[in-house]
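Good morning, everyone, and thank you for making time for this. Please have the sequence and the structure open while I talk, and stop me whenever a step is unclear.

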Amino acid sequence: MNKKHNLVASLTPQQKTALPSLDRYLHSDMIIQDIIAAYIADLREYGKEDNNRLELYHAQFLERYLGIVKNDLFMDSIQKDLEKKFLAEVSTRHPECSFALRGRVKSLFRLENKFNAKIQDFIIDYISKHGKNPSVSMIIKSLDRIRDTIAYRFILQGKDPNSSYEDEIQHLVAIANGIPEYFNANSLTPGSIGGYTLLRAQPILGVTTKNPSVLLPAVRPYYKDYISNPKKSGFTAFTICMRHNVSLQEIELQLMTFDMFKKNEHSENSLHRNYETIQRANRLAAQLPNPNSFNKIFLQAHERLVRMSDLDITKIKVKMFAAFSKHELEDLCGLVIGRQAKPVEYL
């Protein structure tokens, strides 16, 4: 028997039946908001019955997500912050370049899969290093690092058709170097006077890289530099975490050239699509370092990933969603591919 099925079978049939999982709500023909709300209610009930703090945190995590999905005004405020202030500023400072801003709220599928994958990856890593199971508090703390529920892509392209890759990178580096000072100097916080942006740059702790960053030393703590250190998938960009001063919601800002954007998202052999295929296979193949060990939290997260993987999306019944095949979707509710947050086009 496949080791993956051995591992999942460690949950009893009763535990599998009782376990709330997103796939159970996707054949009800409800709108996406009602599906999330129903899942949250069951997670809370299950967490209270089982005295499971992680399930209660899971419910709280999705409650914040539901607030984002329902609140278009919140997305509008972020859009205006980036469009009318930041984008106008860089357009003035770099007239040789054109810019585009594309935003999205992470789809429910991807967010739920990422949440459960983070749990199983953290547990595997912790047991490998320490030889014992992590505490629930440690697992919850690791989940606080999911910062890309809302993400914007800032895309740069030289106006001169003959502009080189090196020219565009030079502009991109200059913009990235100025972002932390720009947002933190102009940040409008409760009770402050004179600020005009609701976003503030957040340093990222514990980031290690193989190659030196091209960014200034003073700003490196704010960035994941995937240009000097590309992801295994080939993804290249500077990414920085911003925090909304009123809601405290974290937003990821990805800075890239137009060629990087095309390579990551729109080429025939999309790196991002390839990356997701590899990522999905790795998640399903994940196992505890000691085959004889038992970790109920790991098994529950893995069971949810398996259920989502086994789901036939052509049979899903959700309002404003239709799947004609795995690659042909009409997704107007953000179930699989994400909601677009009113992109501003300058290219």
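**The core and what surrounds it**

Let me begin with the largest nonpolar core, which has 92 residues, and in which Phe154, Tyr223, Leu255 and Leu335 are the ones with the most contacts inside the core. Helix H6, which covers residues 108–130, supplies the largest share of this core, namely 10 residues. As general background, nonpolar side chains in soluble globular proteins tend to be buried together.

Before going further, I should say that this is a predicted model, with a mean pLDDT of 85 for the protein and 86% of its residues reaching 70 or more. Over residues 1–9, however, pLDDT stays under 50, and for that stretch the model has 16 contacts beyond four places in sequence. Where pLDDT is low, the predicted coordinates should not be read in detail.

Now back to Phe154: if we leave aside its neighbours within four places in sequence, its contacts include Phe86, Leu87, Leu172, Leu253, Gln254 and Leu255. Which strand holds Gln254? Gln254 is found in strand E6, residues 250–257, and because its relative accessibility is 8%, below the 20% limit, Gln254 counts as buried. The side chain of Gln254 makes a polar contact of 2.5 Å with the side chain of Arg153, and another, at 2.7 Å, with the side chain of Glu252. Not counting residues up to four places away in sequence, Gln254 also touches, among others, Tyr152, Phe235 and Thr239.

Let me turn to charged pairs, since side chains of opposite charge can pair when their charged atoms come close. How many salt bridges does a search of the whole structure find? The search finds 13, and one pair to look at is Glu63 with Arg44, whose side chains meet in a salt bridge at 3.1 Å, N to O. Glu63 lies in helix H4 (residues 53–70) and Arg44 in helix H3 (residues 32–49), so this pair ties together parts that are 19 residues apart in sequence. Glu63 counts as partly exposed at 34% relative accessibility, and Arg44 counts as partly exposed at 33%.

Glu89 forms a salt bridge with Arg93, where the closest N and O atoms are 2.9 Å apart; being four residues apart in helix H5, these two are separated by about one helical turn. Glu89 is partly exposed, with a relative accessible area of 26%, whereas Arg93 counts as exposed at 59% relative accessibility.

Finally, please find Arg104, Lys106, Lys114 and Asp148, which are linked in a network of salt bridges.

Note on methods
Residues are numbered from 1 along each chain as its sequence is written. This is a predicted model: local features need pLDDT of at least 70, side-chain atom pairs count only at pLDDT 80 or more; totals for chains, interfaces and linings use all residues. Side-chain values use heavy atoms; hydrogens and water are left out. Buried means under 20% relative accessible area, exposed over 50%, partly exposed in between (1.4 Å probe, protein chains only). A polar contact is a pair of N or O atoms within 3.5 Å; within protein, one must be able to donate a hydrogen and the other to accept it, and residues adjacent in sequence count only if both atoms are side-chain atoms. Contact means heavy atoms within 4.5 Å. pLDDT is the predictor's confidence in each residue, from 0 to 100. A nonpolar core is a set of buried Ala, Val, Leu, Ile, Met, Phe, Trp, Tyr and Cys residues joined through side-chain atoms within 4.5 Å. A salt bridge is a side-chain nitrogen of Lys or Arg within 4 Å of a carboxyl oxygen of Asp or Glu.
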